[in-house]
Every structure is written in C-alpha cells, then in structure tokens.
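Open the model in your viewer and keep the sequence panel visible. The stops below say what to select and what is there.

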Amino acid sequence: MHPWENGSTSQMSAIEQVLHAPDATRETVPVGAAATATVVRSPSRAEAVVIGSDLPTPRHGRVYQLWFQRPNGKMVPAGFLAAGPGAQTLLSG
C-alpha cells in the first residue's frame, strides 16, 4: 500500500507529495529520438519534479544540468540529471 492511498501525506516522500499535489501540473516533451523529460510542478508547494526517461548519454565530460526560470525571468540552477536507460528523478524548489 502506498502512503497516499490512506490519505497520509506525512509518510510520503517530498517527490511523491509534489507528484500527488492537488494543483500539480504535468508536461512531457520528447528529448531526442526515444527519450522524454517530464516536469511536474506544484505552485502550492513551490516545488517541481523533473523526470528524465531514457536520456541519451551526453558526450564525454558533459552532463545534463537543469535550470528553472523564475517568474521575474531570472534563470536558477536546479541540479543535474543522470543519463541512461530507465527514469531518473530530481526534486527542486
């Protein structure tokens, strides 16, 4: 049983709380041929979760760095996302 199934948010991880927030919005975009990036944003929590799925491996010495744009237009670093098969998740506030 998942914590959100019994209505308890205190046991949910921070990522799960964003993913299941009542005001969460989700947008998925393709990245390359087979990969996707999904952003789930909760304004009430002032947090977002980024889920990268099957991201292609960047060139040697490179990584995926995520940036968020604030309402005032300022860009702020949000963290790094791993590449490779499966899904990787990042929480940023």
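Start by colouring the chain by pLDDT; this is a predicted model. Among the elements, strand β1 (residues 25-31) has the highest mean pLDDT, 92, and strand β6 (residues 84-92) the lowest, 70. Over the chain the average is 81, and 83% of the residues score at least 70. Now select residues 1-8, where pLDDT stays under 50. For this stretch the model has eight contacts beyond four places in sequence.

Next, switch to a cartoon view. The chain has one helix and six strands, and along the sequence they follow the pattern α-β-β-β-β-β-β. Of the 93 residues, 29% are buried. If you display a surface, the accessible area is about 6,200 Å², with 55% of it belonging to carbon and sulfur atoms. Among contacts with a separation of 6 or more, 36% are between residues 24 or more positions apart.

Select L19, in helix α1 (residues 14-19). Is L19 buried or exposed? L19 falls in between: it is partly exposed, because its relative accessible area is 25% and the buried class ends at 20%. Show its surroundings, leaving aside neighbours within four places in sequence: L19 is in contact with A24, R26, V40, V49 and I51. Then draw a C-alpha to C-alpha distance from L19 to S42; the two are 8.0 Å apart in space and 23 residues apart in sequence.

Move to the loop between β2 (35-42) and β3 (47-55) and select A46. A46 has a positive phi of about 55° although it is not a glycine. Most residues other than glycine have a negative phi. A46 is exposed, because its relative accessible area of 56% is over the 50% cut-off.

Go on to D54, which is in strand β3. D54 also has a positive phi of about 55° and is not a glycine. With a relative accessible area of 38%, D54 is partly exposed.

The last stop is the hairpin of β4 and β5. Select strand β4 (residues 64-69) and strand β5 (residues 75-81): the two run antiparallel. How many bridges join β4 to β5? There are six bridges. One residue to click is Q69, whose bridge partner in β5 is M75. Five residues lie between the strands of this hairpin. In the hairpin, select G73, which takes a positive phi near 95°.

Methods
Residues numbered from 1 in each chain as written. Predicted model: local features only at pLDDT ≥ 70, side-chain atom pairs only at ≥ 80, totals over all residues. Heavy atoms only, no water. Pairing = 2+ DSSP bridges. Helix = DSSP H or I, 4+ residues; strand = E, 2+ residues; numbered from the N terminus. pLDDT = per-residue confidence, 0-100. Contact = heavy atoms within 4.5 Å. Buried < 20%, exposed > 50% of the residue type's maximum accessible area, 1.4 Å probe, protein only. Areas by Shrake-Rupley, 256 points an atom, 1.4 Å probe, with all protein chains shown as cover.
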